[in-house]
Each structure stands twice: as C-alpha cells, then as structure tokens.
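Here are some short exercises on reading a protein model. Try each task by yourself, then check the worked solution.

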Amino acid sequence: MNEQEITSAVQAVLDQMKEAAPQHTHKHVCKCKKHQMTLKLANALIEKVKVEAARVGVNAVVAVSDKAGRPVAVQCMDDAYIASFDIALNKTYTSASLKMSTVELSQLSQPGQPLYGIQFTNDGKIVIFGGGEVLEADGKIVGALGVSGGTAEQDTAIAAYGKQVFKEVLECL
C-alpha cells in the first residue's frame with residue numbers, strides 16, 4: 001500500500017467508528033462550583049474550623065484537599081506544632097483517598113481487623129487516628145478536611161465540627 005491508500009484506509013476506519021459511536025446532542029457543562037473544592041471554599045471552611053479550635057484551646061493546623069487528596073489550602077494557627085503541618089495534610093489525603101474519616105479507619109486498622117498495617121502503604125501518608133473527614137455536597141465527595149494540633153480526641157471533634165459546618169459554608173458562598 002502506498003501512502004495515499006493508507007491514509008484512505010485510516011479515514012474509512014475513523015468514519016466507521018464515528019458512525020457507530022452514540023451521538024450526543026446535549027452537552028452539559030456544569031458551571032456551578034458546588035461539587036468542587038475551590039480556594040475560596042477551602043479558606044472559608046478553614047476560618048470556621050480555626051475559630052472552633054481556638055474555642056477548645058487547640059493551636060491547630062487545618063488543611064483542605066480536593067476529592068483527589070491534593071492540597072487546596074493549609075493554615076497554621078500561631079504556635080501550632082511543626083509536625084502538625086504534614087499530619088493535617090496526610091489526614092486529608094487519607095480521608096479523600098479512602099473515602100472515610102480517619103477515626104473510622106482507626107477502627108479498621110487495629111490488629112486483627114481487615115486494614116491492619118495500612119498505615120505503611122502510600123509512602124506513609126495514611127493516618128490511622130482521628131482528625132480527618134470527608135467533605136460532601138449532595139452525596140458527592142468534593143474534598144477532605146484535616147486537623148492536627150491537639151489530642152486525637154480534640155482533632156477528631158474539631159474535624160467533625162468542620163464536616164458539619166461545611167454544608168453551611170457551601171450555602172453561604
């Protein structure tokens with residue numbers, strides 16, 4: 001076959017594929033930001049979570065990621081532990097990637113449980129104690145929240161507060 005015959009044969013195959021493919025007459029492009037984590041949304045949530053952390057006396061690092069666990073915003077309260085930065089980020093990664101809170105994961109990762117040892121996967125980014133929460137809108141995961149700086153119980157409570165007020169923050173933006 002010469003070059004023209006090859007080009008003609010390829011074009012015929014492409015034409016057949018085009019005819020066989022379902023035709024889409026309506027292309028919907030969602031322009032609302034309700035189902036995606038934006039910087040504005042992340043920072044608004046972080047501000048509310050920092051107020052709660054201060055109320056309970058915790059100098060926290062608060063992180064928000066998108067649904068893929070990629071950081072969108074991180075804020076460190078004055079005098080927060082240096083180590084809390086990575087821990088907060090890893091809590092968002094854990095919650096987003098496993099689609100569950102880190103406190104829920106803590107139960108599943110105990111000796112004898114189905115996810116025992118999971119914290120040694122993913123380059124050590126999996127956190128198996130409280131403070132990470134999945135953030136949802138209309139039943140869809142849009143991101144995750146990570147709080148670090150207090151005890152496991154304090155971080156868990158502050159993150160749960162953040163998950164609860166996320167709906168309010170969504171409505172206000």
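**Exercise 1. How two helices meet**

Task: Are H2 and H5 parallel, antiparallel, perpendicular or oblique to each other?

Solution.
- Step 1. Keep in mind that this is a predicted model.
- Step 2. Find the two helices: H5 covers residues 152-172 and H2 covers residues 39-55.
- Step 3. Take the angle. H2 and H5 pack at about 135 degrees, and their axes are 9 Å apart.
- Step 4. Compare with the cut-offs. Over 145 degrees would count as roughly antiparallel, and 65 to 115 as roughly perpendicular.
- Step 5. Conclude. H2 and H5 are therefore oblique to each other.
- Step 6. Add the handedness: the crossing of H2 and H5 is right-handed.

**Exercise 2. A salt bridge between these helices**

Task: Which residue forms a salt bridge with Lys48? Which parts does the pair tie together?

Solution.
- Step 1. Look at the closest N and O atoms. Those of Glu168 and Lys48 are 3.1 Å apart.
- Step 2. Apply the cut-off. A salt bridge needs the nitrogen within 4 Å of a carboxyl oxygen. Glu168 and Lys48 form one.
- Step 3. Place the partners. Glu168 lies in helix H5 and Lys48 in helix H2, so the pair ties together parts that are 120 residues apart in sequence.
- Step 4. Check the exposure. Glu168 has a relative accessible area of 37% and is partly exposed. Lys48 is partly exposed too, at 29%.

**Exercise 3. Two further salt bridges**

Task: How many salt bridges does a search of the whole structure find? Are Asp66 and Glu133 buried or exposed?

Solution.
- Step 1. Start with the count: the search finds 6 salt bridges.
- Step 2. Take one of them. Lys163 and Glu133 meet through their side chains, at 3.8 Å from N to O.
- Step 3. Place this pair. Lys163 lies in helix H5 and Glu133 in strand E3 (residues 132-137), so the pair ties together parts that are 30 residues apart in sequence.
- Step 4. Take another. The side chains of Asp66 and Arg70 form a salt bridge at 3.0 Å, N to O.
- Step 5. Recall the cut-offs: buried is under 20% relative accessible area, and exposed is over 50%.
- Step 6. Judge the acids. Asp66 counts as buried at 14%. Glu133 counts as buried at 10%.
- Step 7. Judge their partners. Arg70 is exposed at 53%, while Lys163 is partly exposed at 33%.

**Exercise 4. A charge and a ring**

Task: Over which ring does the charged end of Lys125 sit? How many aromatic pairs does a search of the whole structure find?

Solution.
- Step 1. Follow the side chain of Lys125. Its charged end sits over the ring of Tyr93.
- Step 2. Give the distance: 4.0 Å from the centre of the Tyr93 ring.
- Step 3. Now turn to ring pairs. The search finds 0 aromatic pairs.

**Exercise 5. Positive phi in a loop**

Task: Where is Asn122 found? What is the phi of Asp123?

Solution.
- Step 1. Recall the rule: most residues other than glycine have a negative phi.
- Step 2. Test Asn122. Its phi is positive, about 55 degrees, although it is not a glycine.
- Step 3. Test Asp123. Its phi is also positive, near 55 degrees.
- Step 4. Locate them. Asn122 is in the loop between helix H4 (102-108) and E3. Asp123 lies in the loop between H4 and E3 as well.
- Step 5. Check the exposure. Asn122 is partly exposed at 38%, but Asp123 is exposed at 78%.

**Exercise 6. Far in sequence, what in space?**

Task: How many Å apart in space are Met77 and Ala60? What about Arg55 and Ile158?

Solution.
- Step 1. Locate Met77: it is in the loop between strand E2 (71-76) and helix H3 (83-98). Met77 is buried, at 15%.
- Step 2. Read its distance. Met77 and Ala60 are 17 residues apart in sequence and 5.6 Å apart in space, C-alpha to C-alpha.
- Step 3. Locate Arg55: it lies in helix H2. Arg55 is exposed, at 59%.
- Step 4. Read the second distance. Arg55 and Ile158 are 103 residues apart in sequence and 10.0 Å apart in space, C-alpha to C-alpha.

**Exercise 7. The whole chain**

Task: How many helices and strands does the chain have? In what pattern do they follow?

Solution.
- Step 1. Count the elements: 5 helices and 4 strands.
- Step 2. Read along the sequence. The pattern is α-α-β-β-α-α-β-β-α.
- Step 3. Finish with burial: of the 173 residues of the chain, 38% count as buried.

Terms used
Residues numbered from 1 in each chain as written. Predicted model: local features only at pLDDT ≥ 70, side-chain atom pairs only at ≥ 80, totals over all residues. Heavy atoms only, no water. Phe/Tyr/Trp six-rings, centres within 6.5 Å; stacked < 30°, edge-to-face > 60°. Lys NZ or Arg CZ within 6 Å of the ring centre and 35° of its normal. Buried < 20%, exposed > 50% of the residue type's maximum accessible area, 1.4 Å probe, protein only. Axes fitted to C-alpha atoms, helices over the stretch in contact; angles between N-to-C directions. Parallel < 35°, antiparallel > 145°, perpendicular 65-115°, else oblique. Left-handed = near helix turned anticlockwise from the far one by under 90°.
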